[in-house]
Amino acid sequence: VTSHDDMNMAFRQPALGAPVEVTGGGTNAYGKFSITGTYDPVSQQLKCVKRYDAMEITIPQAALKTPVRPPKFSGAALGNDSPFIQTPRSSRRVKAPPKYREPTAIQTDPLLMKCKGILEQVAANRNAGIFLDPVDVTKYPEYPKYVPNPIDISTIRQKLKTGVYTDPSQFIADMRLMFQNSFTFNNSPLEPAHIATKNLEKVFETKLKPLLAAIQRKLNPPPRKTKTPGRSSKKSKHSSASKRKAHDTSSEEEEESESESEESEEESESSESESESEESDSDSDSSDAEEVKLKKQMKKMLQKMAALKKKKKKK
């Protein structure tokens with residue numbers, strides 16, 4: 001039997017070679033408990049189980065100081081009888097990724113994209129400072145009296161981004177309204193705001209010309225050239241007839257040329273035969289004349305030889 005503070009343990013071996021039985025009990029801050037287990041003297045391993053009396057469990061004050069966090073899952077997942085508190089869902093709106101969102105008008109209409117480019121070019125101009133944000137009514141309390149429909153570049157940009165404008169004409173109308181409001185409030189031509197408005201309006205109108213031309217082409221597209229079937233068929237018939245005529249004339253010309261070539265061949269053959277006969281006659285006449293000449297020359301040679309022999313004998 002061993003004891004330690006408020007715990008005791010007893011070891012008993014019922015027979016030789018059998019495992020040693022361990023029993024015991026004690027008390028601690030949570031209450032009374034009992035111990036049961038075994039001890040192996042060979043491996044010197046002690047295996048015990050501590051059991052508390054459920055009726056006498058008390059929670060110490062130190063344990064109450066640590067806060068108990070609620071579970072991350074709601075009780076609805078475990079059923080209506082779950083002891084866990086059902087936490088409400090977040091009211092924050094979840095946005096879909098950009099590739100799953102529906103495209104706005106500015107993303108599908110190329111003319112509205114041009115409107116956005118014009119707006120950014122106007123906003124980058126040095127005269128656009130008074131138009132970038134809405135007019136501060138605290139500084140100019142009389143502004144609403146003169147301008148019932150205020151507009152500025154930031155508001156127009158937001159309308160383009162959110163798809164309020166469905167047509168470029170709406171954008172153009174708001175831009176011109178912005179300049180008109182400035183001229184109304186700054187009616188003196190010598191005021192710096194009036195001069196800046198005039199310069200910026202010129203820039204806007206020059207940038208607007210290509211957009212107006214594109215709108216005009218969209219409203220009045222140029223007519224497309226269409227081929228009329230009647231004319232093409234007539235042309236094809238005419239061309240086929242002309243080809244046939246050309247083929248017939250070429251074949252006739254070939255036949256005529258063949259006949260002429262045959263006639264010329266016959267004529268050449270006849271002329272060749274006549275020339276051959278004439279040559280044969282002339283050859284025979286010339287051979288007889290040559291024989292006569294040779295005979296005369298031989299006679300002369302023999303006479304000369306005879307004369308020479310006579311002279312030698314005399315000498």
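Mentor: Start with one definition: helices and strands here are DSSP runs, at least four residues for a helix and at least two for a strand, numbered from the N terminus. The model is predicted.

Trainee: Where does Asn 186 lie?

Mentor: Helix H6 covers residues 168–185, and helix H7 covers residues 192–219. Asn 186 belongs to neither run; its place is the loop between H6 and H7.

Trainee: Is Asn 186 buried or exposed?

Mentor: Buried means under 20% relative accessible area. Asn 186 has a relative accessibility of 14%, so this loop residue counts as buried.

Trainee: With which residues is Asn 186 in contact, leaving aside its neighbours within four places in sequence?

Mentor: Contact means heavy atoms within 4.5 Å. With those neighbours left aside, Asn 186 touches Glu 191, Ala 193 and His 194.

Trainee: Step back to the whole chain. How many helices and strands are there in the protein chain?

Mentor: Read the order from the N terminus: β-β-β-β-β-α-α-α-α-α-α-α-α. The tally for the protein chain is eight helices and five strands.

Trainee: What percentage of the residues in the protein chain is buried?

Mentor: The cut-off is again under 20% relative accessible area. The protein chain has 315 residues, and the buried share is 17%.

Trainee: Now the rings. How are the rings of Phe 171 and Phe 204 arranged?

Mentor: The whole structure holds nine aromatic pairs. In this one the ring centres are 6.4 Å apart and the planes stand at 65 degrees. Planes over 60 degrees apart count as edge-to-face, so the pair of Phe 171 and Phe 204 is edge-to-face.

Trainee: How many residues apart are Phe 171 and Phe 204?

Mentor: Phe 171 sits in helix H6 and Phe 204 in helix H7. The pair links distant parts of the chain, with a separation of 33 residues.

Trainee: What relative accessible area does Phe 204 have?

Mentor: Its partner Phe 171 is buried, with a relative accessible area of 0%. Phe 204 is buried too, and its value is 0%.

Trainee: How are the rings of Phe 179 and Phe 204 arranged?

Mentor: Their centres are 5.8 Å apart, with planes at 50 degrees. Under 30 degrees would be stacked and over 60 edge-to-face. The angle falls in neither range, so this pair is tilted.

Trainee: Which helices does the pair of Phe 179 and Phe 204 link?

Mentor: Both residues are buried. They are 25 residues apart along the chain, with Phe 179 in H6 and Phe 204 in H7.

Trainee: Which residues do ring pairs link into a cluster?

Mentor: We have met three members: Phe 171, Phe 179 and Phe 204. The full cluster is Phe 131, Tyr 165, Phe 171, Phe 179 and Phe 204.

Trainee: H6 again. Are H5 and H6 roughly parallel or antiparallel?

Mentor: H5 spans residues 153–162, and its axis comes within 10 Å of that of H6. The axes cross at roughly 170 degrees. Angles over 145 count as roughly antiparallel, so H5 and H6 are roughly antiparallel.

Trainee: How many nonpolar, polar and charged residues are in the contact of H5 with H6?

Mentor: From H5 come Ile 153, Ile 156, Lys 159 and Leu 160. They meet Phe 171, Asp 174, Met 175 and Met 178 in H6. By class that gives six nonpolar, no polar and two charged.

Trainee: And H7? Which residues of H3 meet H7?

Mentor: H3 (residues 110–123) packs against H7 at about 170 degrees, with the axes 10 Å apart. The two helices are therefore roughly antiparallel. The H7 side includes Phe 204 from the ring cluster. The H3 side is Leu 111, Lys 114, Cys 115, Ile 118, Gln 121 and Val 122.

Trainee: One last spot. Is Gln 44 buried or exposed?

Mentor: Gln 44 is in the loop between strands S4 and S5. Its phi is near 55 degrees, a positive value in a residue other than glycine. Exposed means over 50%; at 61% relative accessibility, Gln 44 is exposed.

Terms used. Residues are numbered from 1 along each chain as its sequence is written. This is a predicted model: local features need pLDDT of at least 70, side-chain atom pairs count only at pLDDT 80 or more; totals for chains, interfaces and linings use all residues. Side-chain values use heavy atoms; hydrogens and water are left out. Rings of Phe, Tyr and Trp (its six-membered ring) pair if their centres lie within 6.5 Å; planes under 30 degrees apart count as stacked, over 60 as edge-to-face and the rest as tilted. Buried means under 20% relative accessible area, exposed over 50%, partly exposed in between (1.4 Å probe, protein chains only). Axes are lines fitted to C-alpha atoms, for helices over the stretch in contact, and angles run from 0 to 180 degrees between N-to-C directions. Angles under 35 degrees count as roughly parallel, over 145 as roughly antiparallel, 65 to 115 as roughly perpendicular and the rest as oblique. Ala, Val, Leu, Ile, Met, Phe, Trp, Tyr, Cys and Pro count as nonpolar, Asp, Glu, Lys and Arg as charged, and the others, Gly among them, as polar.
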